[in-house]
Amino acid sequence: MKLAIIGHGYVGLVTAAVFADLGNTVWCVGRTPEKIEALKNGISPFYEPGLEEVVKKNVVAKRLIFTLSYSDAVRDAEIIFICVGTPSLANGEADLSSVFAAAGEIGKNLSGYAVVACKSTVPVGTNREVEKVINAVKLKNVQFDIASCPEFLREGTALHDTLNPDRIVIGADTQKAKDALLRLHEPIDGRFVITTIETAEMIKYAANTILATKISFANAVSFLCEKVGADVEKVMEGIGLDKRIGRQFLRAGVGYGGSCFPKDVKALIAMTKKYRTEGGLFEAVEKINKLSHEHFVEKVRKFFKGDLKNKRLAVLGLAFKPDTDDMRDAPSVPVIKDLVKLGARVFAYDPKAEVNAKRVLADIPIVYVSSVYEACKGSDAVLVLTEWNEFKQLDLIKMKKLLKNPVVFDGRNIYEPENMKKLGFKYFGTGRN
Ligand code: UGA
């Protein structure tokens with residue numbers, strides 16, 4: 001099939017690469033000439049394990065074509081996926097300007113029947129608006145259908161998630177549109193949920209919000225665990241083995257971040273306000289997440305008896321999660337900002353996110369170092385903010401020798417408290433000590 005993909009962010013580029021690899025001809029449209037040039041040479045604008053190899057292979061095979069031209073991409077495409085960003089506006093609502101701009105360009109360039117499917121996460125009702133935008137500019141005799149086909153991939157495991165989805169959700173009005181999307185997804189093993197456009201749009205928000213709810217639930221339990229001397233990891237194992245609950249997304253820590261959960265919980269809250277329904281549960285999820293950042297900083301502050309002035313802190317991990325260089329809404333940002341405000345000197349190391357961190361934390365004085373051991377040298381404490389595998393495999397004896405004080409605040413529970421104590425560390429986990 002000929003496909004057009006609008007956008008080459010996580011969703012767009014991964015979708016383009018996977019469908020090209022499955023034998024389709026995929027035209028991927030972008031707006032930034034430098035990025036399109038780089039992509040033509042197989043260079044991804046972001047780090048995602050394994051992605052560049054698949055992009056390169058399919059560019060060489062001429063199944064994956066990057067372009068600045070909507071007309072080349074949209075002409076004769078059977079399915080057009082909108083995969084542009086929908087960041088939060090100041091009031092929490094999703095900014096849909098890129099979605100509507102893409103819809104306008106698609107409308108102007110449609111040459112025959114196509115399915116225009118939105119993969120971007122968009123509030124309920126947005127696809128109907130996309131339809132109106134296209135109708136206003138398209139040629140009279142050209143037919144199209146809209147569809148909602150939300151994406152569930154995670155950064156860091158994006159290729160695997162796209163090829164092995166738990167479900168594929170297709171929301172459309174016509175059988176023709178459903179059939180086209182079913183045909184495209186046929187080689188991918190996964191259960192289909194075929195439904196209306198509004199339901200498909202809502203599934204994406206409800207999915208991300210229940211995952212964020214699980215995390216905030218684990219974090220709220222972890223606050224209590226620290227007070228009563230319980231171990232949150234065991235508690236989550238104890239409840240997670242109940243199949244109705246499940247163990248995943250119950251890892252307590254410094255809070256969730258990234259380009260999805262914070263923005264999507266906010267947008268869902270904004271929807272409850274717009275339609276005047278009860279949104280307290282979702283607001284609590286967001287509040288607990290913020291408290292998770294603050295609680296971590298407070299623990300460090302308390303240990304140093306309220307005085308962080310000139311304390312040298314080794315921060316391990318900046319990205320919002322491992323295996324990505326993404327810093328969007330990373331918990332490390334509010335945590336580091338607060339620590340620096342309290343007078344601490346932060347020495348930070350991240351295997352991949354340094355460049356993006358420098359942009360996001362531009363006005364914050366941080367020393368970036370190129371290894372864990374360099375960060376630890378002469379530091380008063382170690383703070384783990386992202387659970388990179390590299391940090392799980394450290395030579396802890398070497399780390400202890402380099403530190404001025406053998407103190408570890410583990411915001412991701414990557415170390416075993418008993419083992420750390422045996423090695424002579426003062427260890428503070430999250431929801432367990
Ligand atoms: C999330 C969803 O998991 C995907 O299904 C969805 O497609 C995507 O958003 C999206 O809407 O595009 P992603 O943001 O890439 O994916 O990352 P996750 O693996 O879900 O992690 C999000 C945040 O939650 C990270 O900061 C992570 O550290 C945190 N987290 C995750 C926890 O604190 N505890 C957990 O148990 C799990």
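**Reading a ligand site and a domain interface**

Guide: Let's start at the ligand: one of its oxygen atoms is 3.3 Å from a polar backbone atom of E151. Keep in mind that this is a predicted model.

Visitor: Which other residue has a polar backbone atom 2.7 Å from an oxygen atom of the ligand?

Guide: That residue is E155. A side chain takes part as well, since a polar side-chain atom of R412 lies 3.2 Å from a ligand oxygen.

Visitor: How much of the ligand's accessible area does the protein cover?

Guide: On its own the ligand has 710 Å² of accessible area, and the protein covers 95% of that.

Visitor: And how many residues surround the ligand?

Guide: There are 19 of them, and the closest are F152, L153, E155, K204 and N208.

Visitor: Let's step back to the domains. Where do they begin and end?

Guide: The domain assignment gives domain 1 as residues 2-195 and domain 2 as residues 208-428. The contact between them draws 17 residues from domain 1 and 17 residues from domain 2. Taken over C-alpha atoms, their centres are 33 Å apart.

Visitor: How do I read the area buried between domain 1 and domain 2?

Guide: Look at the total and at which atoms supply it. Here about 1300 Å² is buried, with carbon and sulfur atoms giving 54%. On the domain 1 side, Y47, G92 and E155 lose the most area to domain 2, together 41% of what that side buries.

Visitor: How many salt bridges are counted between domain 1 and domain 2?

Guide: The count is one. A pair qualifies when a side-chain nitrogen of Lys or Arg is within 4 Å of a carboxyl oxygen of Asp or Glu. E155 and R328 form a salt bridge, their closest N and O atoms being 3.6 Å apart.

Visitor: How many residue pairs are in polar contact across the interface?

Guide: Six pairs are found there. The residues of domain 1 that touch domain 2 divide into eight nonpolar, six polar and three charged.

Note on methods. Residues are numbered from 1 along each chain as its sequence is written. This is a predicted model: local features need pLDDT of at least 70, side-chain atom pairs count only at pLDDT 80 or more; totals for chains, interfaces and linings use all residues. Side-chain values use heavy atoms; hydrogens and water are left out. Domain bounds come from an automatic or database domain assignment. Contact means heavy atoms within 4.5 Å. Buried area is the accessible area (1.4 Å probe) that two parts lose on being put together, summed over both. A polar contact is a pair of N or O atoms within 3.5 Å; within protein, one must be able to donate a hydrogen and the other to accept it, and residues adjacent in sequence count only if both atoms are side-chain atoms. Ala, Val, Leu, Ile, Met, Phe, Trp, Tyr, Cys and Pro count as nonpolar, Asp, Glu, Lys and Arg as charged, and the others, Gly among them, as polar. A residue is near a molecule or strand if one of its heavy atoms lies within 4 Å of it. Accessible areas come from the Shrake-Rupley method with a 1.4 Å probe; for residues, only the protein chains shown count as cover.
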